[in-house]
Amino acid sequence: MWSGRHVVLGVSGGIACYKSCYLARHLTEAGARVDVVLTRSAAEFVRPVTFEALTGRPVMASLWDRDAALSHVRWGQQADVVIVAPATAHLIARMAQGLADDALTSVLLAATAPVLLAPAMNDEMFAHPQTQVNLALLERRGVTVVGPAIGPLAEGPSSRPGRMSEPAAIAAHAARLLRRGSRLEGKRVVVTAGPTREAIDPVRVVTNRSSGKMGYRLAEVAWERGADVQLISGPVMLEPPVGVQVTRIDSTAELEQAVREALPAADILVMAAAPADYRPREFSASKRSRIDGALAIPFEPTADILRATRDARRAESIIVGFALETGDALAKGRQKLERKELDLIVVNDALEPGAGTEVDTNRVAILGRDGSSTIVPLGTKREVAEAILDAVEARLG
Ligand code: CTP
């Protein structure tokens, strides 16, 4: 997503400057060309050479630097996005006034690229009516503001906004800004992810090997493309994607209930979860003791959620299912597409190296109800998520 993109990263002087180093590094590693502009105070916190080493590019720290005379106008016009992190109360005030008394404010005044601010300051400074007026003015002019978050400040604990958002969150918001114009913009996308667990007794469960990674990457990319995303997640150890509303479930019955509640508002449902198909017929309220000999526990089927919730779908919604098979995947996938009345089905073969559960890559085929089929070569789950959402967008078109 960042490959070949040009980012101008403005840094004003606050202790959160150290986090801007991580942001510069993150964007550079992701393939972006990152040009850093520092205010005089920022250069007191982190010297320009640090950013030069992290980005591999010269840094602008003064209007009187060599080459700054033209760069301060050009950078904000040639960039794909201008990010200011941290944006101090003083920088925000200067920006709102249209001042251009140093390199960063000059870049900002001449900028035509979208601008994103990540404010960071003392919580009283942020709550000050003048700071609020300044930010509201900048937002009305089209500036995107991310954070500040609530959390500890340099001066101690705080329960009010002031702390700069984390670099990953800032990068995700910048990515969403860059991808404006997607057909998913403003759409309500519901993604299910991970396994479900069926309890045998208070300490034992039956589950499967689903890691949730495919669903989490789908939610992440859908949000970046401008969608309003609900992620219904089974028990997994993954960091929730930025911006996404997460609903936690445990059993297949809870997943069914959550999907049923989400469907009336959903434009798109992507059912990437791997619900358990059976549950123990009886739940033992106390822990089962070890017995001599073999143990037989009777199981009963759970609901097929995609089929059971068909009545809750909107007529125009797009429903995407998955089929994880072990052999003859395309034929079985097409049968599932029909049986579950889907618009698209993403088919993969668990026996193929690099595909299926627990790995970071996948190789899939996307089959459409219209008979279409797209083969997505082996790639990261993020790349596969992009391809799946491309197929969804093609249907929206
Ligand atoms: N699915 C569902 N409810 C279930 C099981 C699966 O809605 N109880 C959904 C999955 O989220 C997936 C699709 O149905 O999108 C296909 O899942 P899969 O496990 O491959 O299909 P099953 O219907 O369980 O069929 P089988 O196990 O016989 O292959």
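Trainee: Which side chain has a polar atom 2.6 Å from an oxygen atom of the ligand?

Mentor: The model is a predicted one. A pair of N or O atoms counts as a polar contact within 3.5 Å, and here a polar side-chain atom lies 2.6 Å from a ligand oxygen atom. The residue that supplies this atom is Lys336.

Trainee: How much of the ligand does the protein bury?

Mentor: Further polar contacts involve Ala303, whose polar backbone atom is 2.9 Å from a nitrogen atom of the ligand, and Lys340, with a side-chain N or O atom 2.5 Å from a ligand oxygen atom. Taken alone, the ligand exposes 570 Å². Of that area, the protein buries 77%.

Trainee: Which element gives the most residues to the shell around the ligand?

Mentor: The ligand takes up the space of the largest pocket. Helix 12 (305–308), strand 16 (318–325) and helix 13 (329–339) each supply at least two residues of the shell. With 4 residues, the element that gives the most is strand 16.

Trainee: How many residues of the shell around the ligand are charged?

Mentor: The ligand is surrounded by 16 residues, and among those that come nearest are Lys336 and Lys340. By class, the shell has 9 nonpolar and 2 polar residues. The charged residues number 5.

Trainee: In strand 3, which residue is the bridge partner of Gly10?

Mentor: An open sheet of 5 strands, paired in parallel, has the order 2-1-3-4-5. Its edge strands are strand 2 (33–38) and strand 5 (144–145). Strand 1 (residues 6–11) is joined to strand 3 (residues 81–87) by 4 bridges. The partner of Gly10 in strand 3 is Val84.

Note on methods
Residues numbered from 1 in each chain as written. Predicted model: local features only at pLDDT ≥ 70, side-chain atom pairs only at ≥ 80, totals over all residues. Heavy atoms only, no water. Pairing = 2+ DSSP bridges. Near = heavy atom within 4 Å. Polar contact = N/O pair within 3.5 Å; in protein donor to acceptor, adjacent residues only side chain to side chain. Areas by Shrake-Rupley, 256 points an atom, 1.4 Å probe, with all protein chains shown as cover. 1 Å grid on protein atoms, 1.4 Å probe; cavity = no way out; pocket = protein on both sides within 12 Å on 5 of 7 lines; lining within 4 Å. Sits in = over half its atoms within 2 Å of the grid points. Nonpolar A, V, L, I, M, F, W, Y, C, P; charged D, E, K, R; others polar.
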